[in-house]
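Biologist: Could you walk me through this one? I'd like to get my bearings before going back to the bench.

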Amino acid sequence: MLIISAKSGQLGNRLLLFANFIAWAIEHNLTVLNPAFDEYAEFFVGTAGDFLCCYPPPYFTAAGNNFVRSKYYNFIKYLSNKKILKTQEITRKEPFSWLKYQDIEQIKQGSIVCFQGWLFRDGWFVEDVPKLHKYADQIRAYLAPLERYRINVDRLIFNLKNNSDMLVGIHIRQGDYAQHQNGRYFYTTEQYLEVMNSVVRLFEGKKIKFLICSNILPQNSSLFDNFNCGFGSGHLIEDMYALAECDYVVGPPSSYTMWASFYGDKPLYMIANVHKTINLKDFVHFYEWQGVFHARDDWSESFWEWTHAR
């Protein structure tokens, strides 16, 4: 049994983490428990009714509220920190990959192993993407949003796609990105508009509509008057899964848009240079992800440079 006993990042990070555990568990006929998913469990088909956040879903389970889920997480974390349960701690020396994991046979023999460590998230599982691709349908079914969120997403997307040839999702990530990695991927709204103009030139002759989603609301809608666009609801889940329904997704390097790209199987362009002229080859499907990890003595300055083979 595999247990995710520590929290790494926010929603997108934890979805990608959970997804890769699920893929590896399917491959090796194992069970995953994810108490570290507690804040987000209420939003998803596979976890809303199961306070254990277990994959594969158990035959008998019980729903839990935020209080119960929080106690569950704290209990497992305590057992892990005290080494009452065997714990695999991932250091910051190098990104983690299942391909390098040495204790597969021991887990298969029925042991329980907790996993924790920030770089277990920051490894981004680039080397493990083929398994994510292989088991994508099972992962998507388990981590589908509940119906009440899907209804809102479907209504929004239907209205936006009406009378347009192409829907392009734009994720404006500001707020926390002003400090994240010393603002490496923080862009002003005006700079996002420059990227949108590049998209329009790329698809010249197409009737393009944009979906604008942002973690800073409200955006000044008048800035977007030169574009045919609509805005997301601002709900954390609905915006993410609305981006997944777009034909193309654009945003700064972020696990939020990476999950949208994976879930919707849509090509994603990660903005590393707002002045770049965008080419179609710059849009990458999740199964084409590659990256180089640039380690720094000050870990907060370490970062991934995304690449892909074309």
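**The sheet and a helix beside it**

Modeller: Sure, just keep in mind that this is a predicted model. Ask away.

Biologist: Which strands are the edge strands of the open sheet?

Modeller: The sheet has 5 strands in the order 8-7-6-9-10, with parallel pairing. An edge strand here pairs on one side only. That gives strand 8 (229-231) and strand 10 (268-270).

Biologist: And which residue in strand 9 is the bridge partner of Ile170?

Modeller: Strand 6 (residues 166-172) and strand 9 (residues 248-251) run parallel, joined by 3 bridges. Across from Ile170, the partner in strand 9 is Val250.

Biologist: How far apart are the end C-alpha atoms of helix 7?

Modeller: Helix 7 covers residues 147-161, which is 15 residues. At 1.5 Å a residue, a span of 21 Å is what you should get. The model agrees, with the ends apart by 21 Å.

Biologist: Within what arc do the buried residues of helix 7 fall?

Modeller: The buried ones are Tyr149, Val153, Ile157 and Leu160, while Glu147, Arg148 and Phe158 are exposed on the other side. Looking down the helix axis, the buried set lines one face of helix 7, because it falls within an arc of 60 degrees.

Biologist: What do those buried residues pack against?

Modeller: Part of the answer is in the sheet: strand 6, strand 7 and strand 8 are among the partners. There's a helical partner as well, so to speak, and the full set is strand 6, strand 7, strand 8 and helix 9 (236-243).

Note on methods. Residues numbered from 1 in each chain as written. Predicted model: local features only at pLDDT ≥ 70, side-chain atom pairs only at ≥ 80, totals over all residues. Heavy atoms only, no water. Pairing = 2+ DSSP bridges. Helix = DSSP H or I, 4+ residues; strand = E, 2+ residues; numbered from the N terminus. Expected span 1.5 Å × (residues − 1). Buried < 20%, exposed > 50% of the residue type's maximum accessible area, 1.4 Å probe, protein only. Arc of directions from axis to C-beta. Contact = heavy atoms within 4.5 Å.
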